[in-house]
Amino acid sequence: MPAETEEDDQQDEGQEDGQAQQAEAPPPKPSLLKNKKVIIGLAAVVVVVIVAVAVLVFWPDKKEDVAARVAAATGGNRIFYDLPPMLVNINTAGVGNVYLKVQVALELSSQADQQRVEAVMPRIVDSFQMYLRELRPEELQGSAGMYRLKEELMDRINRAIFPAQINDVLFKEMLVQ
């Protein structure tokens, strides 16, 4: 039996040594792959935040630029120019006829801008006609529809009269029938 006790003692010592080595060994480190994912995720969040801040700080606000330019150029004087009334058959996808009658006035900064508008009036009317004919009746409903229409018309006029620029499009009459 003494041989068995020596073997038992050796096994017990081996188990104790293994446990001691496990206790002394540092805990396993997280894999490098997991750390890379966390770092890349954090970097992406930081980049998005920086871009968002840059856009908010440096994005030009067209309305403020126009207002500043108008105030500087005219000293607050405004010129209103009436466009001829327009009557168009708008897009109903082949279901009946719906007509839009619209008359607008343009707010200009100077007499030179008015002369530029008059010089390219056929181009402005053509641009309006092309756009208005593609509208659907539901696009003209409510104040949101009116706002979108105003912005579209303003953009089209400003492209036609560049480098001059209008300040606003004012609806004098709008009838959908």
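Biologist: What makes the pair Glu138 and Arg136 a salt bridge?

Modeller: Their side chains meet at 3.2 Å, N to O. A salt bridge is a side-chain nitrogen of Lys or Arg within 4 Å of a carboxyl oxygen of Asp or Glu. The 3.2 Å lies within that limit, so the name fits. Glu139 joins in too: Arg136, Glu138 and Glu139 are linked in a network of salt bridges.

Biologist: What kind of model is this?

Modeller: It is a predicted model, in which local features need pLDDT of at least 70 and side-chain atom pairs count only at pLDDT 80 or more, while totals for chains, interfaces and linings use all residues. Residues are numbered from 1 along each chain as its sequence is written, and side-chain values use heavy atoms, leaving out hydrogens and water.

Biologist: Why is Glu138 called partly exposed?

Modeller: Its relative accessible area is 46%. Buried means under 20%, exposed over 50%, and partly exposed in between (1.4 Å probe, protein chains only). So 46% falls in the middle class. Arg136, at 38%, falls there as well.

Biologist: How many salt bridges are there?

Modeller: The structure holds eight. One of them joins the side chains of Lys101 and Glu173, at 3.8 Å from N to O. Lys101 sits in strand E3 (residues 98–108) and Glu173 in strand E4 (residues 168–176), so strands being DSSP runs of at least two E residues, numbered from the N terminus, the names follow. The two residues are 72 apart in the chain, and the pair links distant parts of it. Lys101 is partly exposed at 31%, and Glu173 is partly exposed at 31%.

Biologist: What do Glu152 and Arg156 form?

Modeller: They form a salt bridge, with the closest N and O atoms 3.4 Å apart. Both lie in helix H6 (residues 142–161), four residues apart, about one turn. A helix here is a DSSP run of H or I, at least four residues long. An α-helix has 3.6 residues a turn, so residues three or four places apart point the same way.

Biologist: What span is expected for H6?

Modeller: The expected span is 1.5 Å times one less than the number of residues. For the 20 residues of H6 that gives 28 Å, and the helix reaches 29 Å from its first C-alpha to its last, which is close. Its buried residues, among them Leu149, Leu153 and Ile157, pack against E3, helix H4 (111–119), helix H5 (121–133) and E4.

Biologist: Is Thr92 buried or exposed?

Modeller: Buried: its relative accessible area is 18%, so it is under the cut-off. Thr92 lies in the loop between strand E2 (86–90) and E3.

Biologist: Which residues does Thr92 contact, neighbours within four places in sequence aside?

Modeller: Val98 and Pro137. Contact means heavy atoms within 4.5 Å. The side chain of Thr92 also reaches the backbone oxygen of Gly96 at 2.9 Å.

Biologist: Why is Val57 called exposed?

Modeller: Its relative accessibility is 56%, so it passes the cut-off for exposed. Val57 lies in helix H2 (residues 32–58). Val57 belongs to a nonpolar surface patch with Val45, Val49, Val53, Leu56 and Phe58, and together they have about 650 Å² of accessible area.

Biologist: How many helices and strands does the chain have?

Modeller: Six helices and four strands. Along the sequence the pattern is α-α-α-β-β-β-α-α-α-β. Of the 177 residues, 25% count as buried.

Notes: A polar contact is a pair of N or O atoms within 3.5 Å; within protein, one must be able to donate a hydrogen and the other to accept it, and residues adjacent in sequence count only if both atoms are side-chain atoms. Patches are made of residues with over 30% relative accessible area and no salt bridge: like charges are joined within 9 Å, nonpolar side chains (Val, Leu, Ile, Met, Phe, Trp, Tyr) within 5 Å. Accessible areas come from the Shrake-Rupley method with a 1.4 Å probe; for residues, only the protein chains shown count as cover.
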